[in-house]
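Trainee: I am new to this structure and would love a close look at a single part of it. Could you take the aromatic rings as the centre and build the picture around them?

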Amino acid sequence: MLSLYEVPVRSRLLLGTARFPSPAVLAEAVQASGAEVLTVSLRRESAGERAGQAFWSIVRELGARVLPNTAGCHTVKEAVTTAHMAREVFATSWIKLEVIGEEDTLQPDVFGLVEAARILCAEGFEVFPYTTEDLIVAERLLAAGCRVLMPWGAPIGSGMGLNNLFGLKALRAHFPAVPLVIDAGIGVPSHAAQALELGFDAVLINTAVSQAVDPVRMAAAFAQAVSAGHEAFLAGPMEPRDMAVPSTPVVGSALLR
Amino acid sequence: MRATIIGAGVAGLACAVELAERGTEVEVLERSASLGGSCCSWFAGGMLAPWCERVSAPPLIVALADEGFAWWGEKYPGMQRRGSLVLAHARDAGELKHFARRTQQYEWLDAEGIAALEPDLAGRFEQGLYFKDEAHIDPRAALGALAARVQALGGTIHFAAEAPPAPAARGEYRIDCTGLAARAVLTDLRGVKGEMLHLQAPDVSLSRPVRVLHPRTPVYVVPRGDGHYMVGATMIESDAPSRISARSMLELLGAVYALHPGFGEAEILEIGTGVRPAFPDNLPRLRPRDGTLYVNGLYRHGFLAAPAMARRAAAFVLEGREAPEVMQ
């Protein structure tokens, strides 16, 4: 079973809670997805005043573990402050750390990310950093104290799937024992299945479900894809090759004259 | 027959009009000192846009709006049924396609079609959606019209008035339309904060509501006439009626400036925030509780849904007729 910071998690589908048509649809989608971990973003203005309580309690009451995130933070200081608020609001040491470097691609600022990870890990947080597939950044995040990594598939909300297959495979091969959760960029269930087939431990989905025409149905579709992908990984997929190989062997077959 | 209605937002005033028109003696009690003093209706966009809303709302919203068009047309002379326009910049073309997939009753427009409807937007957008059956009203003028109608029908509106202690006296109906203030009783109610601006933009001429889709900062602009525009609105899961944040302001202004550079020269007339009351499915409800009928959860559909809710509220208190679609 997948374990994230010593917490066993049965479902390899993590779900984001933003931009659903309503909390009621969110609740149904969570049910359909089987997700046991939900990310919630904290607007700093609401955290300060406890004004988002109503929505947060809806999320808490869904029965899943909450992974608060620092979405929309552009600086180390902002991300650290938001993490502190999140710890207080959700009474958890888990934090999905996002430090955004650029507004159009929402690409992580990996330098700020490593610095913020170091600060938060030292303070006892269990950090889930949203990062690129860069190996060296991954090394630095692990050195900073992270024990789970969340590499992107493609830019947040873009739905482009796994953009850099080479880089992602290298990351998986390089860190066989670190839980790797593909965060961002997944558009359709086949992308999620592909990530699990490659041996990634889980995927985090938000927009692809919340903005679907029927989010509840899409959540169920992702749940199936994730479990199919993981089963395929365990079953050991064949290696692709350049030439055709007949599935029926010729030698030993009956000769018809 | 007497009815006490608590709250003079769009839900309260619509209920008062419905009941007064059926011969009930109505008294409206409003906490603030004047119309719009503490209600989110005052900060509404005033779009009757069920097919645009259908993108994120269940079909019930369209059914409720159907009654709303006729009702507003009759009670308030300022309703304009000029449709609404939904646009996206070239790089966000996918947003338009996705918006269209989740609704109906629209036609696709090309650059020429957009220019024909809104000449000021000529050459600025390649594609758009036109929802020709939608309408818009000026919420503040509409609230004033409803208040005047209540009074003309013999009803009274008391401002700066506290709600009387429950329960209602014998032979008196009590209808609570206090939005988020009813939370102590309606515990599944939550607030969704919205931030908006009023701009005076003499260089921009638009004749119908325009929505600009964007993955992060969608915006809509509703013309109020004479170069006056309402720009809205953020959607934040928060029940604090705090002031606008710098980020929201930047985003709203950036988005309208991208719609038309003339907005760069606009004067900012007003900055407003309101907290919309919403139930978990974001749909409105009638809820009878201890002799009081609560009309609440109109969310961002206040002007669209208030007429249909008021008619159901009146039918419930006067005839005992239930409306299962909004009573569960």
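Mentor: Happy to! Let us begin with a word we will need: two residues are in contact when heavy atoms of theirs lie within 4.5 Å. Please also keep in mind that this is a predicted model.

With that word in hand, look at chain B, where the rings we will visit are found. Take the contacts in chain B between residues at least 6 apart in sequence: 75% of them join residues at least 24 apart. Chain B is built from nine helices and 16 strands. Its radius of gyration is 20 Å, close to the 20 Å that the globule rule gives for 328 residues, so chain B is as compact as a globular protein of that length. Measured out along the principal axes, the C-alpha trace of chain B spans about 65 × 35 × 35 Å. Buried residues account for 59% of the 328 residues in chain B. What remains accessible on chain B comes to about 13200 Å², and 50% of that surface belongs to carbon and sulfur atoms. As for charges, chain B has 34 positive and 38 negative ones, and their mean positions are 4 Å apart.

Now to the rings themselves. A pair of aromatic rings is described by the distance of the centres and the angle of the planes. Over all chains, the count comes to nine aromatic pairs. One of them joins B:W71 and B:W72, with 5.1 Å from centre to centre and 85° between the planes. That pair is edge-to-face, because planes over 60 degrees apart count as such. Are these two residues buried or exposed? B:W71 has a relative accessible area of 5%, and B:W72 has a relative accessibility of 0%. B:W71 is therefore buried, and B:W72 counts as buried too, because the cut-off for buried is under 20%. The two tryptophans also belong to a cluster, in which ring pairs link B:W71, B:W72, B:Y76 and B:F303.

A second pair is worth a stop: B:F99 and B:F131. Their rings are 6.1 Å apart, centre to centre, with 80° between the planes, and this pair is edge-to-face. Where do the two residues sit in the chain? B:F99 is in helix 4 (residues 93-101) of chain B, and B:F131 is in strand 6 (residues 127-131) of chain B. They are 32 residues apart, and the pair links distant parts of the chain. Both B:F99 and B:F131 are buried.

To see what surrounds a buried residue that is not aromatic, go to B:L197 in strand 10 (residues 190-200) of chain B. Its relative accessible area is 0%, so B:L197 is buried. Leaving aside neighbours within four places in sequence, B:L197 is in contact with B:Y229, B:M230, B:V231, B:I244, B:M249, B:L252, B:L253, B:E270 and B:I271. Take B:I244 from that list: B:L197 and B:I244 are 47 residues apart in sequence, and 9.5 Å separates them in space, C-alpha to C-alpha.

Let us finish with the backbone. Most residues other than glycine have a negative phi, and most peptide bonds are trans. B:D226 is not a glycine, yet it has a positive phi of about 55°. B:D226 lies in the loop between strand 12 (219-225) and strand 13 (228-232) of chain B. With 77% relative accessibility, B:D226 counts as exposed.

Chain A offers a case to set beside it. A:A184 has a positive phi of about 85° although it is not a glycine. Its place is in the loop between strand 9 (181-183) and helix 8 (189-197) of chain A. A:A184 is buried, with a relative accessible area of 8%. As background for that loop, chain A has 10 helices and 10 strands, and 52% of its 257 residues count as buried.

Methods
Residues numbered from 1 in each chain as written. Chains lettered and ligands numbered in written order. Predicted model: local features only at pLDDT ≥ 70, side-chain atom pairs only at ≥ 80, totals over all residues. Heavy atoms only, no water. Helix = DSSP H or I, 4+ residues; strand = E, 2+ residues; numbered from the N terminus. Rg over C-alpha atoms; globule rule 2.2 N^0.38 Å. Buried < 20%, exposed > 50% of the residue type's maximum accessible area, 1.4 Å probe, protein only. Areas by Shrake-Rupley, 256 points an atom, 1.4 Å probe, with all protein chains shown as cover. Lys, Arg positive; Asp, Glu negative; His and termini not counted. Charge placed at Lys NZ, Arg CZ, Asp CG, Glu CD. Phe/Tyr/Trp six-rings, centres within 6.5 Å; stacked < 30°, edge-to-face > 60°.
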